[in-house]
Amino acid sequence: MKGHGRTLLRSQATALLATVVDFSTLFFLTEFLGIYYVASAASGAALGAATNYGANRLWAFDHGRHRAMGSQVLRYIAVSLGSLAFNVGGVFLFTESLGLRYGYSKVVTSIAVALLWNYPLHRYIVFKEVTP
């Protein structure tokens, strides 16, 4: 369990870094450049995903850097596409259906997707430890 706890903490730290990139992109594109919030959410999610992959591979799931990058990237992209769909869909749903401001919708959606989708799939599929 000790290794799992360390990995969970590290993955949450990399998720926080990716979230800063994601949210900063969302708010900058929407508030300063006037881009539609759904497109901004997608752009932020993509940049956050790239940040998260690098940090996870090199630090959080450090055993992941010893695996072939090609298939790992493909698995990460597949998980990230699901994450993108859930994030953008959730932001749209909470904003349009419940009338929440898009920033609040983003926070609620991001937490749910991070805990229920991203971490489990990163741990057990994308950066799965390979035993010799």
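How many Å does α4 span between its end C-alpha atoms, and what would a straight helix of 25 residues span? α4 spans only 30 Å, whereas a straight helix of that many residues would span 36 Å at 1.5 Å a residue. Welcome to a predicted model, in which local features need pLDDT of at least 70, side-chain atom pairs count only at pLDDT 80 or more, and totals for chains, interfaces and linings use all residues. Residues are numbered from 1 along each chain as its sequence is written, and side-chain values use heavy atoms, with hydrogens and water left out.

**Helix α4**

- Helices here are DSSP runs of H or I with at least four residues, numbered from the N terminus.
- The expected span of a helix is 1.5 Å times one less than its number of residues.
- α4 has a kink of about 45°, centred on alanine 114; the bend at a residue is the angle between axes fitted to the seven residues ending there and the seven starting there.

**Nonpolar cores**

- Ten residues form the largest nonpolar core, and Tyr53, Phe61, Tyr76 and Phe127 are among them.
- Helices α2 (37–60), α3 (69–98) and α4 (102–126) each supply at least two residues of this core.
- Another core, of seven residues, lies apart from it and includes Leu26, Tyr37, Ala41 and Val88.
- A nonpolar core is a set of buried Ala, Val, Leu, Ile, Met, Phe, Trp, Tyr and Cys residues joined through side-chain atoms within 4.5 Å.
- Buried means under 20% relative accessible area, exposed over 50%, and partly exposed in between (1.4 Å probe, protein chains only).

**The salt bridge**

- The structure holds one salt bridge, defined as a side-chain nitrogen of Lys or Arg within 4 Å of a carboxyl oxygen of Asp or Glu.
- Lysine 106 pairs with aspartate 22, their closest N and O atoms being 2.9 Å apart.
- This pair links distant parts of the chain, with lysine 106 in helix α4 and aspartate 22 in helix α1, 84 residues apart.
- Both partners are buried: lysine 106 has a relative accessible area of 1%, and aspartate 22 has 10%.

**Partly exposed residues**

- Isoleucine 35 sits in the loop between α1 (2–32) and α2, and counts as partly exposed because its relative accessibility is 34%.
- Leucine 8 belongs to helix α1 and is partly exposed, with a relative accessible area of 32%.
- From C-alpha to C-alpha, leucine 8 and proline 120 are 9.8 Å apart in space, while 112 residues separate them in sequence.
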